[in-house]
Amino acid sequence: MFEVLLFGGVNAVPGSESVQYTMAMNDWKMKYAAVMFSNDTQHLNIKSYDKFTLPQTNFTPYYNLPYRFIEYQVGSYDGNLLYEIQVDNASYSKDQPDIILQGYNTTLFYKYKTPLIPGRSNKVVLRLHESNFRHQDGKKASRDDLMIVLAYLNLFLVRMYPTNGTYSPSSTDIVMDSSTDLGYHGLGKMDRIEECRCPHGYRGRSCERCDFGYNRANRYLATGVCMPWEWHREEYYKVSTSTTLRNYHYV
């Protein structure tokens, strides 16, 4: 095991098992969303629906993956997301992202680059790795960016494509690789998975979460730092509750 500050070090973790989250795209638990992009894709207007609704003009429909796909998905890092795309013709728009991830005030895009073949199933195998994601402004995502989004993931959108001239939920499956330490529903042992020795105030396999008694402050680093509740209280009220100088450990 390696001594690390944030998102580093790799070592085998006994008991970690691979799992796969599988769901039909038209499952009753699936949610939906419609997204309107600004010209530079910097601003998103997202409308969410419990049931599928045909999108309004200038909105692109998306599957809005439910809880099992967005609850603390650090274990999905470097795993695969598998699903299928079917289109009627080659005139589909190539501007909108195929995957939108949002978490901790960060939005990441993925665009499927291979031309889609009309009239057949196009299988997508997306490696959940920073090399495949970009920010809204087009800048490449860093490892820290993707890890912090997966740790605080609150929105996972998968683009829908029209078939037979209209939009409707597909009956095909979406499958996402992940890992668990629980060991009771795994598919087999993971050979190697990251786990880090965290500094004070941090927890999680990659030190991507704040420990109990700490909350993330959006300053000092792009991903923020974990500061104790006392610091947040003093910062909010701008009044110190202690005359003792404290040297907080930033990473």
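## Disulfide

A disulfide is taken here as a pair of cysteine sulfur atoms within 2.5 Å. In this predicted model, a search of the whole structure returns 1 disulfide. Its partners are Cys 210 and Cys 226, with sulfur atoms 2.1 Å apart. The torsion about the S-S bond of Cys 210 and Cys 226 is about -85°, so the disulfide is left-handed.

Cys 210 belongs to strand S13 (residues 209-210) and Cys 226 to strand S15 (residues 225-228), so the pair ties together parts that are 16 residues apart in sequence. Cys 210 has a relative accessible area of 9% and is buried. Cys 226 is also buried, with a relative accessible area of 3%.

## Nonpolar core

In soluble globular proteins, nonpolar side chains tend to be buried together. In this model the largest nonpolar core comprises 39 residues. Leu 81, Ile 99, Phe 133, Phe 156, Val 158 and Ile 174 have the most contacts inside this core. At least two core residues come from each of the following elements: helix H1 (67-70), strand S5 (80-86), strand S6 (99-103), strand S7 (106-110), strand S8 (121-127), helix H2 (143-151), strand S10 (153-159) and strand S11 (173-180). H2 gives the most, with 6 residues.

Leu 81 illustrates how these residues meet. Leaving aside neighbours within four places in sequence, Leu 81 is in contact with Ile 99, Phe 156 and Ile 174. The other contacts of Leu 81, under that same exclusion, are Val 124, Val 125, Leu 126, Leu 128, Val 175 and Met 176.

## Sheet order and strand S6

An open sheet is formed by 7 strands in the order S3-S2-S4-S10-S6-S7-S9, with antiparallel pairing. Strand S3 (44-49) and strand S9 (134-135) are the edge strands, each pairing on one side only. Strands of a sheet pair through backbone hydrogen bonds, either parallel or antiparallel.

Within this order, S6 pairs with S10 in the antiparallel sense through 5 bridges, and with S7, again antiparallel, over 5 bridges. Ile 100 takes part in both pairings: its bridge partner in S10 is Leu 157, and its bridge partner in S7 is Phe 109. Phe 109 in turn has Arg 134 as its bridge partner in S9. S7 and S9 run antiparallel and are joined by 2 bridges. S6 and S7 form a hairpin with 2 residues between them, and Tyr 104 in the turn has a positive phi of about 50°.

In a regular strand the side chains alternate between the two faces of the sheet. In S6, Ile 99, Leu 101 and Gly 103 lie on one side and Ile 100 and Gln 102 on the other, and all are buried. The strand is thus covered on both faces, with 5 of its 5 residues buried.

## Strand S4: Thr 60 and Pro 61

Thr 60 is placed in strand S4 (residues 60-64), and Pro 61 lies in S4 as well. Thr 60 counts as buried at 9% relative accessibility. Pro 61 counts as buried at 2%.

Leaving aside neighbours within four places in sequence, Thr 60 is in contact with Ala 33, Ala 34, Val 35, Phe 37, Gln 96 and Arg 159. With the same exclusion, Pro 61 is in contact with Ala 33, Ala 34, Phe 52, Pro 55, Arg 159, Met 160 and Tyr 167. The C-alpha atoms of Pro 61 and Val 35 are separated by 6.4 Å, although these residues are 26 residues apart along the chain.

## Aromatic pairs

The structure holds 6 aromatic pairs. One of them joins Tyr 21 and Phe 69, a tilted pair at 6.1 Å centre to centre with 55° between the planes. Tyr 21 lies in strand S1 (residues 17-24) and Phe 69 in helix H1, so the pair ties together parts that are 48 residues apart in sequence. Tyr 21 is partly exposed at 23% relative accessibility, whereas Phe 69 is buried, with a relative accessible area of 0%.

The rings of Tyr 104 and Tyr 152 have centres 5.7 Å apart and planes at 40°, so this pair is tilted. Tyr 104 is in the loop between S6 and S7 and Tyr 152 in the loop between H2 and S10, 48 residues apart. Tyr 104 counts as buried at 17% relative accessibility, and Tyr 152 is partly exposed at 28%. Tyr 32, Phe 52 and Tyr 63 form one aromatic cluster; Phe 52 is also a contact of Pro 61.

Methods: Residues are numbered from 1 along each chain as its sequence is written. This is a predicted model: local features need pLDDT of at least 70, side-chain atom pairs count only at pLDDT 80 or more; totals for chains, interfaces and linings use all residues. Side-chain values use heavy atoms; hydrogens and water are left out. Helices (H or I, at least four residues) and strands (E, at least two) are DSSP runs, numbered from the N terminus. Buried means under 20% relative accessible area, exposed over 50%, partly exposed in between (1.4 Å probe, protein chains only). A nonpolar core is a set of buried Ala, Val, Leu, Ile, Met, Phe, Trp, Tyr and Cys residues joined through side-chain atoms within 4.5 Å. Contact means heavy atoms within 4.5 Å. Two strands pair if DSSP finds at least two bridges between them. Rings of Phe, Tyr and Trp (its six-membered ring) pair if their centres lie within 6.5 Å; planes under 30 degrees apart count as stacked, over 60 as edge-to-face and the rest as tilted.
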